[in-house]
Amino acid sequence: MDGTEIPEALRDVMERICATSVDLALMIARGDIGQNLGGAVGFNIGGDGQKALDVIADEAFANALRDSAVRYYASEEQDTAVELNQTGTLALAIDPLDGSSNIETNVSIGTIFAIFPAGEDADSSFLRPVSDQIAGGYVIYGPQTCLVVTFGAGVLKFTLDPDSRKFRLTGRNLQVPPQTNEFAINSSNYHHWPAPIRAFIDDLVIGADGPRGRPFNMRWIASLVAETHRILTRGGVFLYPGDDRKGYARGRLRMLYECAPIAFLITQAGGGATDSVDPILGQQITSLHMRTPFVFGSIEKVIRVTTYHDLPETETSALFGKRGLFRS
């Protein structure tokens, strides 16, 4: 991590995250030559299926950080937070392997992490305002392996040099492009979305003939890290709303391990991040595995989603009834 000035304890933690990520990148690159990384091994506390690589990555990061400045370690793959070092001053929350459903299809996957000051116990370390983060970011394992991170003063990008096995600084002050014609959402859930989300998407899909007056392209990778990396590069808006399916009222993404660090990073890059209405950075984490709807990306698009929710219900329903392309 050349070219960064951060406290020594935090730098050591970041160096360990980088070293573990290099090992994972090489393991992922070997694919079928190595072990069956996409094999199902069970379910985590949220009911999501675990792949072999989920567990391998979780164990690798925990072991790498055991004698570091990380006192408390919370993982999406574990039921509770664990204490790694009683004298540590930091608390790390991590999604060790985001997008694991894509392992076998060779789509970009990643690691997402958030770092907080350690509290007196695990609860006070993680159940706190999202804005208490001192670092947040992700590693993407794709055609290039990159670390994208913020320490609260802009967004940095590091690219893995495969020859030296080191991350080299390749971008400072990354900014989400303010104008874009792309959006990302799983349209198969259209009939389950709340009316404001359907109305917003309808207005994009209608394209040049609709109120936006221009065409839009839809993207959906089903890998949060890959979606984030694309939006940082090209702009756009990502939506994972709550819906009326059982267990989806608050969406499926976890606040602590996914939405909090991505919101921190995107906001530092000049974008926006909300739960469809309220900013993520203004919210409180109330449980290790709490879920939240999530909308992030180019600020104008994120604000526009909020305005659709601000419309009276009768007006939103009228818009949906008039312009909805997929009415039942």
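This short talk walks through one predicted protein model, beginning with the whole chain and moving on to its helix pairs and a few single residues.

Before we start, please keep in mind that this is a predicted model, in which local features need pLDDT of at least 70, side-chain atom pairs count only at pLDDT 80 or more, and totals for chains, interfaces and linings use all residues. Residues are numbered from 1 along each chain as its sequence is written, and side-chain values use heavy atoms, with hydrogens and water left out.

Let me begin with the chain as a whole. The chain has 8 helices and 15 strands, where helices (H or I, at least four residues) and strands (E, at least two) are DSSP runs numbered from the N terminus. Of the 328 residues in the chain, 55% are buried; here buried means under 20% relative accessible area, exposed means over 50%, and partly exposed is in between, with a 1.4 Å probe and protein chains only. If we take contacts, meaning heavy atoms within 4.5 Å, between residues at least 6 apart in sequence, then 62% of them join residues at least 24 apart.

Now to the helix pairs, and the first is H1, residues 8-30, with H2, residues 52-64. Their axes are 9 Å apart and the helices pack at an angle of about 155 degrees, where axes are lines fitted to C-alpha atoms, for helices over the stretch in contact, and angles run from 0 to 180 degrees between N-to-C directions. H1 and H2 are therefore roughly antiparallel to each other, given that angles under 35 degrees count as roughly parallel, over 145 as roughly antiparallel, 65 to 115 as roughly perpendicular and the rest as oblique. On the H1 side the contact includes Arg16, Ile17 and Leu24, and on the H2 side it includes Leu53, Ile56 and Phe61. By class, this contact of H1 with H2 has 10 nonpolar, 2 polar and 1 charged residues, with Ala, Val, Leu, Ile, Met, Phe, Trp, Tyr, Cys and Pro counted as nonpolar, Asp, Glu, Lys and Arg as charged, and the others, Gly among them, as polar.

Next come H4, residues 195-206, and H7, residues 299-310, whose axes come within 8 Å and cross at roughly 130 degrees. H4 and H7 are therefore oblique to each other. Pro196, Ile197, Ala199, Phe200 and Asp203 in H4 meet Lys301, Arg304, Val305, Tyr308 and His309 in H7, and the residues of this contact divide into 6 nonpolar, 1 polar and 3 charged.

The pair I would like to show after that is H5, residues 224-234, with H6, whose axes come within 12 Å and cross at roughly 10 degrees. H5 and H6 are therefore roughly parallel to each other, and Leu224, Thr228 and Leu232 of H5 make the contact with Glu258, Ile262, Leu265 and Ile266 of H6. That contact has 5 nonpolar, 1 polar and 1 charged residues.

Let us stay with H6 for a moment. How many of the 14 residues of helix H6 are buried? In H6, residues 255-268, 12 of the 14 are buried, so this helix is largely enclosed by the rest of the structure. Among the buried ones are Tyr257, Glu258, Cys259 and Phe264. The helix is followed by Gly270, whose phi is positive, near 85 degrees.

What about residues other than glycine with a positive phi? Arg165 has phi near 60 degrees and lies in the loop between strand E9 (155-161) and strand E10 (166-171), where Arg165 is partly exposed at 41% relative accessible area. Ala222 has a positive phi as well, near 65 degrees; its place is in the loop between E12 and H5.

Strand E12, residues 217-219, holds Met218, which counts as partly exposed at 38% relative accessibility. Met218 and Glu182 are 36 residues apart in sequence, yet 5.8 Å apart in space, C-alpha to C-alpha. Leaving aside neighbours within four places in sequence, Met218 is in contact with Phe183, Ile185 and Ser187.

I will finish with the cysteines. The structure holds 0 disulfides, a disulfide being a pair of cysteine sulfur atoms within 2.5 Å. Cys18 counts as buried at 5% relative accessibility, and Cys146 is buried too, with a relative accessible area of 3%.
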